[in-house]
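Biologist: Please take me closely through one part of this model, strand by strand, and then place that part within the rest of the chain. I would like a connected account that I can follow with the structure open.

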Amino acid sequence: MQAEPKKTPAGSLVGQEYEVEVGPVAHGGHCISRTDAGQVLFVRHALPGERVVARVTEGEEGARFLRADAVEVLEASKDRIEAPCPYARPGRCGGCDWQHAKPGAQRRLKGEVITEQLKRLAGLTPEEAGWDGTVMPAEGDKLPAGEVPSWRTRVQYAVDEDGNAGLRRHRSHEVEPIEHCMIAADGISELGIEQRDWSGMASVEAIAATGSQDRMVILEPKPGARLPLVELDKPVSVMRVEEHDGGIHRVHGRAFVRERADGRTHRVGSGGFWQVHPMAADTLVKAVMQGLLPRKGDMALDLYCGVGLFAGALADRLGDKGAVLGIESGKRAVEDARHNLAAFDRVRIEQGKVETVLPRTGITEVDLIVLDPPRAGAGKKTVQHLSGLGARKIAYVACDPAALARDLAYFREGGYRVRTLRAFDLFPMTHHVECVAILEPVAKGT
Ligand SMILES: C[S@@+](CC[C@H](N)C(=O)[O-])C[C@H]1O[C@@H](n2cnc3c(N)ncnc32)[C@H](O)[C@@H]1O
């Protein structure tokens, strides 16, 4: 079927519909398909093996890639369910990618993406990466199809012209007003953000800490707008994003939330990184420590350390003679890390970028390294530097399997091989997935 295109700019194919076979999943929450003319279609709201009507949402004649939504399913996959969330539909909320897939199928799709990235960018099979190919659900998330885990402890709402809080549409600045986000944690839903009038605000971020009752909202007023009187259904701290410097300043209550993980409490100031799934921090600490097997007296690095999650976990296990150096670029996060780890004499936190601070420390030898970089990964230069420090084991925590696979290839050039890889579904319903790779030096002569 090749319907008439809607009125759009010349050459645009937006609105054009194609009846297509849906091919494999790709990185980014869509599946791959092709038009008869050979153009590649990235189709959202589809599943591999289906036959669908795909309507183009982005792209023009002659482009190699087009983006599209499956607007009609002609032959459904056995993995398909009716998306439980009414906003997870073509053209609506862009937050969840896989609401229409059974939970087990979502994890399989994520596993296929990891497999593909490992093969393409690192030349590794799952066996060579020491991975059993599974993506594990977080504790408590194994729910029947149709039930949605409420896991998001941080939600960034956009605000529409009428003051309604909502979420952004896929690859758009447009706001989809919502009455309730199904994946939001109960601590967020209880605030009733979606039921309030947020006129004058550009965005409202809500945070519900894990292991404490701390709640925070961060308001970003539109230029010249005044802050509303914030009366929510539960006590919250209120922060404001300043128009002139983008800094986040306290309006009311504490300027941080307290997050519990690995038996310790972590102060996390506004703007500082903390894992979003309530089980994520504990799950990752456990996977990293099981992989590294720290010994008393080890010298360890925690790179991209945030507020000190892994540095604290390492310090706890290395004893009086061990030492940890954490490096983090965020100023506020460094203050929090120093506060959180004040009880450990032999932990030092340096502020700055890993790529500049680490070479300046003059460190030439360590026993263990944890690195947990942002989505872009660590990159060649940093990996080369780390490969020269003689670490017995390296734990690489990654939220982007493509950046991870690329960096694993650099590590191989530096003499390290992946010993084990584990994958966790810490972002159910979305395409995101978290991996922990444990690397060891390649034994001489192999
Ligand atoms: C994925 S978070 C990990 C934080 C911490 N490991 C945790 O689990 O809570 C990545 C952190 O790296 C920091 N960051 C980003 N780029 C950096 C760089 N080039 N050097 C040092 N830190 C960086 C961010 O501010 C953020 O805190």
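Modeller: Two strands are said to pair when DSSP finds at least two bridges between them, and the strands themselves are DSSP runs of at least two residues, numbered from the N terminus. Please keep in mind throughout that this is a predicted model.

With that term in hand, we can begin at strand 1 and strand 5, which run antiparallel and are joined by five bridges. Strand 5 covers residues 51–58, and within this pair Glu19 stands opposite Val53 of strand 5. Both strands belong to an open sheet of six strands, whose order is 1-5-6-4-3-2 and whose pairing is mixed. The edges of that sheet are strand 1 (17–21) and strand 2, each of which pairs on one side only.

From the edge formed by strand 2, we can walk inward. Strand 2 consists of residues 25–26 and pairs with strand 3 in the antiparallel sense, over two bridges. Here Ala26 is the residue that stands opposite His30 of strand 3. The hairpin made by strand 2 and strand 3 has three residues between the strands, and in it Gly28 takes a positive phi near 120°.

On the next step, strand 3 pairs with strand 4 (residues 40–44), again in the antiparallel sense, over four bridges. In this pairing Cys31 stands opposite Val43 of strand 4. The hairpin of strand 3 and strand 4 has five residues between the strands, and there Gly38 is the residue with a positive phi, near 90°.

His30 deserves a pause, as a residue of strand 3, which spans residues 30–34. Is His30 buried or exposed? His30 is buried, because 22 other C-beta atoms lie within 10 Å of its own, and 20 or more are needed for a residue to count as buried. Once residues up to four places away in sequence are set aside, His30 touches Phe42, Val43 and Arg44, and these contacts can be followed alongside the pairing of strand 3 with strand 4 (residues 40–44). As for side chains, in a regular strand they alternate between the two faces of the sheet. Farther along the sequence, Arg67 is 37 residues from His30, yet their C-alpha atoms are 9.0 Å apart in space.

The UniProt record, in an unreviewed entry, lists residues 11–72 as "domain: TRAM". In the model this span is 53% strand and 0% helix, and its end C-alpha atoms lie 24 Å apart.

Now for the rest of the chain, which has eight helices and 23 strands in total. Its radius of gyration is 23 Å, close to the 22 Å that the globule rule gives for 446 residues, so the chain is as compact as a globular protein of that length. Along the principal axes, its C-alpha atoms fill a box of roughly 70 × 65 × 40 Å. Buried residues account for 48% of the 446, and of the contacts between residues at least 6 apart in sequence, 59% join residues at least 24 apart.

The ligand is surrounded by 19 residues, of which the closest are Phe273, Tyr304, Gly306, Ser329 and Asp372. Helix 4 (309–318), strand 18 (323–328) and helix 6 (354–361) are the elements that give two or more residues to this shell. By residue class, the shell divides into eleven nonpolar, four polar and four charged.

Two further residues complete the picture. The same unreviewed kind of annotation, "active site", is placed by UniProt at Cys399, a residue in the loop between strand 21 (393–398) and helix 8 (401–413). Cys399 is partly exposed, with 18 other C-beta atoms within 10 Å, and beyond its neighbours within four places in sequence it is in contact with Arg375, His432 and Glu434. Glu350, in strand 19 (residues 347–351), is likewise described as partly exposed, with 17 other C-beta atoms within 10 Å. With neighbours within four places left aside, Glu350 is in contact with Leu325, Ile327 and Val357, while its C-alpha atom is separated by 9.3 Å from that of Thr361, eleven residues away along the chain.

Conventions:
Residues are numbered from 1 along each chain as its sequence is written. This is a predicted model: local features need pLDDT of at least 70, side-chain atom pairs count only at pLDDT 80 or more; totals for chains, interfaces and linings use all residues. A residue is near a molecule or strand if its C-beta atom, placed from the backbone, lies within 6 Å of it. Ala, Val, Leu, Ile, Met, Phe, Trp, Tyr, Cys and Pro count as nonpolar, Asp, Glu, Lys and Arg as charged, and the others, Gly among them, as polar. The radius of gyration is taken over C-alpha atoms; the globule rule is 2.2 Å times the number of residues to the power 0.38. A residue is buried if 20 or more other C-beta atoms lie within 10 Å of its own, exposed if 12 or fewer, and partly exposed in between; C-beta atoms are placed from the backbone. Two residues are in contact if their C-beta atoms, placed from the backbone, lie within 7 Å. UniProt positions are given in the numbering used here, feature names are shortened, and annotations may be inferred rather than shown by experiment.
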